[in-house]
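These are my notebook entries on one structure, written down in the order in which I looked things up.

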There are 2 protein chains.
Amino acid sequence: MTLPLDAWLSARRQAVDAALDRFLPSPGPTPPIVCEAMRYTLFAGGKRVRPMLVLAAAEAAAPRTGMAEDEALALALPAACAVELVHTYSLVHDDLPAMDDDSMRRGRPTAHVVYGEGMAILAGDALLTEAFALMAREPASSDPGLAQRKLHALRVVGEAAGAAGMVGGQAIDLQAARTGAHALDADALSGMHARKTGALIRGSACAGGIMAGAAGPLLEAIDEYARHLGLAFQIVDDILDVEGASAELGKTAGKDAAAGKPTYPARYGLDESRRLAAECGHRALAALEPVQVTGQLPAIVRWVLGRTD
Amino acid sequence: MTLPLDAWLSARRQAVDAALDRFLPSPGPTPPIVCEAMRYTLFAGGKRVRPMLVLAAAEAAAPRTGMAEDEALALALPAACAVELVHTYSLVHDDLPAMDDDSMRRGRPTAHVVYGEGMAILAGDALLTEAFALMAREPASSDPGLAQRKLHALRVVGEAAGAAGMVGGQAIDLQAARTGAHALDADALSGMHARKTGALIRGSACAGGIMAGAAGPLLEAIDEYARHLGLAFQIVDDILDVEGASAELGKTAGKDAAAGKPTYPARYGLDESRRLAAECGHRALAALEPVQVTGQLPAIVRWVLGRTD
């Protein structure tokens, strides 16, 4: 029986937040200020989209790989926490004055406003580093097959976050913002988003699938699903930046346009952007059909398309 | 037969530099500016101390674990590259205006001077991320025992670089610099150095040992050796900052004292600092005796104590 999405999200978010709290360093060998700065943005009420995708992909893949859903969930939980650490580090660094220069995030002053730029850079570095140490450490096991899957998932997340993925996308964004929104043509715009947001969303779904034993066509279908979902997510994000009020969105709305950043509404207008997002959603669903994988993955598409914050 | 250290260092540095060049991303999926900024500091003529330790520990452990030296070298080479990527990222971020605000490094303008702060932050992020992706990916193998060793080495490097290690040490340094050099007592000073410099030096030696199959007392001896070596390295570094001329050192000399940073000479004076460094060197050598591991590890102690840049 598949839970309604809201109930599933609520239960899984609770599991992820409890695990994040457990996995994060505590004061001791780690200086208290670093612990505090790491937790500040991490526990500021994020939607946990990426961890939800890790877990949904693991649970959806499990019946196809002969794994119990509970086991898949337990094996994928550290990776779910790791991708949220990676995502949070990227927010902390992107908000810095030398990057997007944002003073509000998730409804609170950004980390560098509270802790200073130097400590915010270090907190981001620590979040990123802990993500990989966590994936290497957990789940602890002497099972050789599991060791191979952990390495594979870690590599996928690392490549998604790295120079050809998220960091590369932010670099393109940084350069484009300097030269104006219309400096990127349609291909360059989707290429930037595929790296900046899409890569980690794909990496999240794939890491979940891998930890549940997915490989071959099953893993490829999950990847294809997440590729379309990631683009839908980014288009909706761009639309919300135009439409949203600062208070509701919890970050400075209209900021992208004001900064001359390349966005979908700036290039295509709002109506066409909405149509493009819906089309990406349909493609994500279609990608799952050949392998008959469902679980919460279709509901997550509807959630991403319908979100208002 | 053990090569003279100079010949060994020269051959191994060549192997590491060639591997770094091969493992680093090339323009394509990775934006050219990110590739360029990553390579800028990486190929600016570092001494490659940490990669040398990875390889020396692997080669020294190999005869004790029944592995051929050549095989140990090949298995440890990706980890050797990874620790240099981690070290280089830390230089790029530490040099930022919000941190140590250094404009010269390895005899050239620092990355943020050349590429701007935003791109320097991103280049550091990319170097750190690629380090872990590389260790997860290479050496490619379906050997389950090797997968376990790769995970172990990756975890050790991640924990050394993270919140309880290098990042934590830099955070303590950042806070101490704000309050003046003498704000740290002797224990706090050695605790800062153990994290900021020592942790990655230990992690490097251990990662090399682990890739060569070291465990138990053998791995503990390598760790103990590197713990003392790391402290010797930092004390010598502090001494050179006081004594060195800017041109010879390739970075701004006297900078630590000027910034009111906590250093060994500031706390103990130059002569006592020299004695402390020599004592650490003796302890490093003594740690190897019970397990009769040698190779280049003793020569590296003498190199670290005698270095002038």
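How are α3(B) and α4(B) oriented to each other, roughly parallel or roughly antiparallel? I worked from a predicted model, in which local features need pLDDT of at least 70, side-chain atom pairs count only at pLDDT 80 or more, and totals for chains, interfaces and linings use all residues. Residues are numbered from 1 along each chain as its sequence is written, while chains are lettered from A and ligands numbered from 1 in the order in which they are written.

**Entry 1: α3 and α4 of chain B**

I looked up the axes of helix α3 (residues 49-65) and helix α4 (residues 69-94) of chain B, which come within 7 Å and cross at roughly 155°. α3(B) and α4(B) are therefore roughly antiparallel to each other. For this I took axes as lines fitted to C-alpha atoms, for helices over the stretch in contact, with angles from 0 to 180 degrees between N-to-C directions; angles under 35 degrees count as roughly parallel, over 145 as roughly antiparallel, 65 to 115 as roughly perpendicular and the rest as oblique. Helices (H or I, at least four residues) and strands (E, at least two) are DSSP runs, numbered from the N terminus. I noted the crossing of α3(B) and α4(B) as right-handed, meaning that the near helix is turned clockwise from the far one by less than a right angle, whereas anticlockwise would be left-handed.

On the α3(B) side, I found B:Arg50, B:Pro51 and B:Val54 among the residues that meet α4(B), whose own contributors include B:Glu69, B:Ala72 and B:His87. Contact here requires that the C-beta atoms of two residues, placed from the backbone, lie within 7 Å. I sorted the residues of this contact into 13 nonpolar, 1 polar and 4 charged, where Ala, Val, Leu, Ile, Met, Phe, Trp, Tyr, Cys and Pro count as nonpolar, Asp, Glu, Lys and Arg as charged, and the others, Gly among them, as polar.

**Entry 2: two helix pairs of chain A**

I next took helix α4 (residues 69-94) and helix α9 (residues 186-211) of chain A, whose axes come within 9 Å and cross at roughly 165°; α4(A) and α9(A) are therefore roughly antiparallel to each other, and their crossing is right-handed. The contact includes A:Leu75, A:Ala76 and A:His87 of α4(A), together with A:Gly203, A:Ser204 and A:Met211 of α9(A). By class, I recorded 8 nonpolar, 4 polar and no charged residues for the contact of α4(A) with α9(A).

For helix α14 (residues 270-288) and helix α15 (residues 297-306) of chain A, I found axes that come within 10 Å and cross at roughly 175°, which makes α14(A) roughly antiparallel to α15(A). Among the residues that meet are A:Gly281 and A:Leu288 in α14(A) and A:Pro298 and A:Val301 in α15(A), and the classes of this contact are 9 nonpolar, 1 polar and no charged.

**Entry 3: how chains A and B are related**

I found that a rotation of 180° with 0.0 Å of shift along its axis superposes chain A on chain B, with RMSD 0.0 Å, which is the relation of a two-fold axis. The superposition is by least squares on the C-alpha atoms of residues with pLDDT of at least 70 in both copies. Of the residues of chain A, A:Pro144 comes closest to the rotation axis, at 2.5 Å (C-alpha).

The contact between the chains takes 45 residues from chain A and 45 residues from chain B. On the side of chain A that touches chain B, two or more residues each come from α2 (32-42), α6 (117-137), α7 (144-161) and α8 (166-179), and α6(A) gives the largest share, 14 residues. I counted that side of chain A as 28 nonpolar, 10 polar and 7 charged. Because 100% of the interface residues of chain A are also interface residues in chain B, the copies meet through the same surface.

**Entry 4: backbone details**

I noted that the peptide bond from A:Glu138 to A:Pro139 is cis, with omega near -10°, and that A:Pro139 lies in the loop between α6 and α7 of chain A. In chain B, a cis peptide bond joins B:Glu138 and B:Pro139, with omega about -10°. Finally, I looked up A:Asp101, whose phi is near 55°, a positive value in a residue other than glycine, and placed A:Asp101 in the loop between α4 and β1 (104-105) of chain A.
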